[in-house]
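Open your viewer and keep the selection box handy. This tour goes stop by stop, telling you what to pick next and what you'll find there.

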Amino acid sequence: METLLELDRVTRTYGRGPHTVHALRDLDTRLYAHSLTAVMGPSGCGKSTFLQCAAGLDRPTSGSVRLAGQDISGMGERLLTRLRRARIGFVFQSFNLLPMLTAEENVLLPLRLDGKRKDPARARRMLARVGLDGRADAKPGELSGGQQQRVAIARALITEPEVVFADEPTGSLDRETAAGVLGLLREAVSAYGATVVVVTHDPAVAERSDRVLRLAEGRLVADTVGAPV
Ligand code: ADP
Ligand code: MG
């Protein structure tokens, strides 16, 4: 199996002295290309921190993260931003949609930022695939939490990024919509070979993953292939 991401003794602490929070402690793992990995664990165990460090959105306090052999943990901000735009899609737990833009404009944003051709038809197709046909002109404030989450997913997938990170992407969705979203993520793996990493509490998501990583108190405590929950 081809290693795409390598986390080597990644530690992330917040604060100092007696109030230090150890979000990640000495975490070592590799993520393989063209697969879907679920990251599970209780609230506060470091899942979001793990995802953000792996995606180059946050920097480890110590340790290193390599993407396709390239150390991204020490990379300059400009280079890192460019690399993220070209290769990484991220679905935030809090969606992070731009409130002044429509759903369609939000979905088009990564193409714009990456200097690619604006392609509204493609954005509408992505929106249709997450069940939001007809809502392309709505602003985030006019959409429900679940609908905003689906816009965020369409936005993360529009560039067909090599690596997709999704932080609880089905958290505010009903069962049927959640299954659809998971289907899209699985399809990114099968259709164009994406590497997908999903934080989830949902056993149904874990069941359809190639691998499940479990965190507890900032450490990796289980790593299972085939995804028993
Ligand atoms: P999870 O996503 O599993 O709920 P997080 O990665 O968000 O966990 O958080 C891990 C730990 O780090 C928690 O104790 C959390 O309170 C702490 N933490 C996360 N972000 C910050 C921050 N910006 N400042 C201080 N502590 C933080
Ligand atoms: Mg979280």
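Before clicking, one bit of vocabulary: a residue is buried under 20% relative accessible area, exposed over 50%, and partly exposed in between, using a 1.4 Å probe and protein chains only. You're looking at a predicted model, in which local features need pLDDT of at least 70, side-chain atom pairs count only at pLDDT 80 or more, and totals for chains, interfaces and linings use all residues. Residues are numbered from 1 along each chain as its sequence is written, chains are lettered from A and ligands numbered from 1 in the order in which they are written, and side-chain values use heavy atoms, with hydrogens and water left out.

**Stop 1: ligand 1**

Select ligand 1 and show its surroundings, where a residue is near if one of its heavy atoms lies within 4 Å. You should get Tyr14, Val21, Ala23, and then Pro42, Ser43, Gly44, Cys45, Gly46, Lys47, Ser48 and Thr49. By class, that shell has five nonpolar, five polar and one charged residues. The classes work like this: Ala, Val, Leu, Ile, Met, Phe, Trp, Tyr, Cys and Pro count as nonpolar, Asp, Glu, Lys and Arg as charged, and the others, Gly among them, as polar.

Which elements each supply at least two residues of the shell? Colour β2 (21-32) and α1 (47-54) to see them; α1 gives the most, with three residues. Helices (H or I, at least four residues) and strands (E, at least two) are DSSP runs, numbered from the N terminus.

Now turn on distances. A polar side-chain atom of Thr49 sits 2.6 Å from an oxygen atom of ligand 1, and one of Ser48 is 2.9 Å from an oxygen atom of the ligand. Over at Tyr14, a polar side-chain atom lies 3.5 Å from a nitrogen atom of ligand 1. On its own, ligand 1 has 570 Å² of accessible area, and the protein covers 59% of that. Accessible areas come from the Shrake-Rupley method with a 1.4 Å probe; for residues, only the protein chains shown count as cover.

**Stop 2: the magnesium ion**

Keep Ser48 selected and add ligand 2. This is a magnesium ion, coordinated by Ser48 (OG) and Gln93 (OE1) at 2.1 to 2.6 Å. Ser48 lies in helix α1 and Gln93 in the loop between β6 (88-91) and α3 (103-113), so the pair ties together parts that are 45 residues apart in sequence. Donors are N, O and S atoms within 2.8 Å of the metal (3.2 Å for Na, K and Ca), and water is not among the atoms, so sites may look incomplete. Ser48 is partly exposed, with a relative accessible area of 24%; Gln93 is also partly exposed, at 40%.

**Stop 3: along α1**

Is α1 largely enclosed or open? Six of its eight residues are buried, so the helix is largely enclosed by the rest of the structure. To highlight the buried ones, pick Lys47, Thr49, Phe50, Leu51, Cys53 and Ala54. Just after the helix, stop at Gly56, which takes a positive phi of about 75°.

Carry on to Asp58, in the loop between α1 and β4 (62-67). Asp58 counts as buried, at 16% relative accessibility. Its side chain makes a polar contact with the side chain of Arg12 (2.9 Å). Such a contact is a pair of N or O atoms within 3.5 Å; within protein, one must be able to donate a hydrogen and the other to accept it, and residues adjacent in sequence count only if both atoms are side-chain atoms.

**Stop 4: salt bridges**

A salt bridge here is a side-chain nitrogen of Lys or Arg within 4 Å of a carboxyl oxygen of Asp or Glu. The whole structure has 12 of them.

- Select Glu6 and Arg30: their closest N and O atoms are 3.4 Å apart. Glu6 lies in strand β1 (residues 3-14) and Arg30 in strand β2, so the pair ties together parts 24 residues apart in sequence. Add Arg66, and you have a network of salt bridges linking Glu6, Arg30 and Arg66.
- Jump to Glu104 and Arg124, bridged at 2.6 Å between the closest N and O atoms. Glu104 is in helix α3 and Arg124 in helix α4 (residues 120-129), so the pair ties together parts 20 residues apart in sequence. Glu104 is buried at 11%, while Arg124 is partly exposed at 41%.
- Finish with Asp210 and Arg186, whose closest N and O atoms are 3.2 Å apart.
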